[in-house]
Amino acid sequence: MAVDTARDGSTSGDRPGDGAGNEHDAHGNARREAAHPHPGADPARTPQPPSPAPGGSPSDTAPPDTTATPAPAAPPPEPGAPGSDTPDGQGGAPPRQREDGGWADRVARRSRQFAAGLAARLSGARGTAPRTPAPPPPHAPPQAHPHASPPYASGQPPREAPPEPAPPYAAPGGTGRGARDAYRSARAAFARRRDELAGGESVPAALSHSPSASRQWISDELTAAAREVADRRRTEGEAWLALLARRTLVVVWAAVGLLLLVELLTALGTGWTVARTAGLVAALVAAGGLSTAAVLHRRRGGALAPVIGEDNRLSTSRTVAAAWVLLAVFTVLVLAVQLAAASSAARRERLLSGLDLAQGAGALTVLALTCAVAVVVRRAVTVRVHGRRLQKVRADRPRAADLLTDDEGRGAFSDVQYVLVSGVAVVFAAVRLARQPERLPDLPWALALLVVVSTVTYLAGKYAEGGRPVVLSVVRAREVGDLHAPIRTGDDIEIRGAGFVPPGAGGADRLARTVVRVGTVHVHAPLIPVPGGFANPTDGVLTVPVPVEVEPGRVEVQVVTAAGVETNRYTIDVVD
């Protein structure tokens, strides 16, 4: 009976202290369960001490006061003594504890937290995802224990793996090889995508029943892909300009080395002279000036920056004028070094007489003419572009072929003959200077007149090229088997004319910028792919749908090209 009474929690018994011992045992078990909850138990619920049996004292029914100052705890009993928690003993008051467990439990938990946090930091530094804790049992609620600590010592979520390093072409100004490879890959991917869509592949089945909807979807897909290719192309162009600046430095100093080698070879039989020294010093001074220009304009092509036009192409007129200017500067430097090294008055007089106008009248005439043509051509092109009589599209990067071709890449007669004639005249003048370094190269008047004729031809060709785009007619596009009918909203119209695609605007990203203004509605010309290119838009024909927003009646049609030039207005009749 005494055992049953103590088990039931009754305070009446023959042995004093049984009720107090049971009470201490209950509270000790509650604390241990709070510190180490059962895996299947609710971690959010704190175990409550067992309620006393009816008839117990009020102090037994009241919950323990955790805010009051606890009494001094007795020393722990020896193992095996009564009241000990060890297997050898039973009952007894446990040592002083907090609600979240004893000091040993806290030390163990802190150690586990520190180890987990250290492992998370090490795994984050290696670039691998940290080991996540095991998920809770299926029957456990998704609530955390109020006294539980975060799974990491810092209390922060684990670090994510660092991203992979970006390729060199990802940022503008990357390496030339990486940018070039990225552009080629993007262009090849676009070509494959264009050919797939041209064959009807990859088109959503929901759009296959509507030719206009599928055509617009294909155009949008190609436009987005073309913009990606354009971004790669611009990055490759910027990297190529930076590479060109370094190459110009190499070419300049290689020319100086070649001049030194030639002078050494020619001096084997006759010996070294003051003229050879003057030529080498003049070359060093000119190379130093070009190197400075290359460093200052390294983002614009280095030493070639002055001869690159506003359209990012090599200017023929500027290149020819620059060749004559370099020859003139080199000649004056050679004469100046010889004059400084001359020890006799007769020698100085002979050098000064070499600068007379009669000696270099032909060369000076050609120099003045080529420089004037470079200025006039630039002014003429600017005025014609602003007057919408000439379409200019910026090139991706300058090329050596720009000196002999037009903006479309086709060979231009006026440019070719101008470069050839001027190049022959420059070589002739350089040879005359090498033979007679004491005076200006005397260019014969016949050769000077040939250069003048070539210059006039080039100038006339520049004024004759280009023109404003024009709309000649607008008709309703008719498919095979379709009935003849007037133009209605939703129909396709075919705009015929010339100059719809500016020279150099054959890329997909620039073709997509062609816009047709139908009344007050702007319609972007759809890109219609074919194997190897596009069937729309073209330089002479545009096909666009008449939008439903257009009101029936007389409507004006106007084309805006990729260069921003507008055509004339053409009136059509739209019926209901």
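In this predicted model, Asp-492 sits opposite Pro-545 of strand S8. The two belong to a stretch of pairing between strand S3 (residues 492-498) and S8, which run antiparallel to each other and are joined over five bridges.

Zooming out a little, S3 and S8 are part of an open sheet of three strands, ordered S1-S3-S8 and paired in the antiparallel sense. Strand S1 (470-476) and strand S8 (541-545) take the edge positions; each has a single partner strand, so one side of each goes without a neighbour in the sheet. On average, and with direction ignored, neighbouring strands here are turned by 25 degrees against each other.

Elsewhere in the chain, a pair of helices is worth a look. Helix H7 (residues 274-296) packs against helix H8 (residues 316-341) at an angle of about 130 degrees, and their axes lie 8 Å apart. Angles over 145 degrees would count as roughly antiparallel and those from 65 to 115 as roughly perpendicular, so H7 and H8 come out as oblique to each other. The crossing of H7 past H8 is right-handed.

As for who touches whom, H7 brings Val-274, Ala-275, Ala-278, Gly-279, Val-281, Ala-282, Ala-283, Val-285, Ala-286 and Leu-290 to the contact, while H8 answers with Leu-326, Phe-330, Leu-333, Val-334, Val-337, Gln-338 and Ala-341. Sorted by character, the residues in this contact between H7 and H8 come to 15 nonpolar and two polar, with no charged ones.

Notes:
Residues are numbered from 1 along each chain as its sequence is written. This is a predicted model: local features need pLDDT of at least 70, side-chain atom pairs count only at pLDDT 80 or more; totals for chains, interfaces and linings use all residues. Side-chain values use heavy atoms; hydrogens and water are left out. Axes are lines fitted to C-alpha atoms, for helices over the stretch in contact, and angles run from 0 to 180 degrees between N-to-C directions. Helices (H or I, at least four residues) and strands (E, at least two) are DSSP runs, numbered from the N terminus. Angles under 35 degrees count as roughly parallel, over 145 as roughly antiparallel, 65 to 115 as roughly perpendicular and the rest as oblique. A crossing is left-handed if the near helix is turned anticlockwise from the far one by less than a right angle, and right-handed if clockwise. Contact means heavy atoms within 4.5 Å. Ala, Val, Leu, Ile, Met, Phe, Trp, Tyr, Cys and Pro count as nonpolar, Asp, Glu, Lys and Arg as charged, and the others, Gly among them, as polar. Two strands pair if DSSP finds at least two bridges between them.
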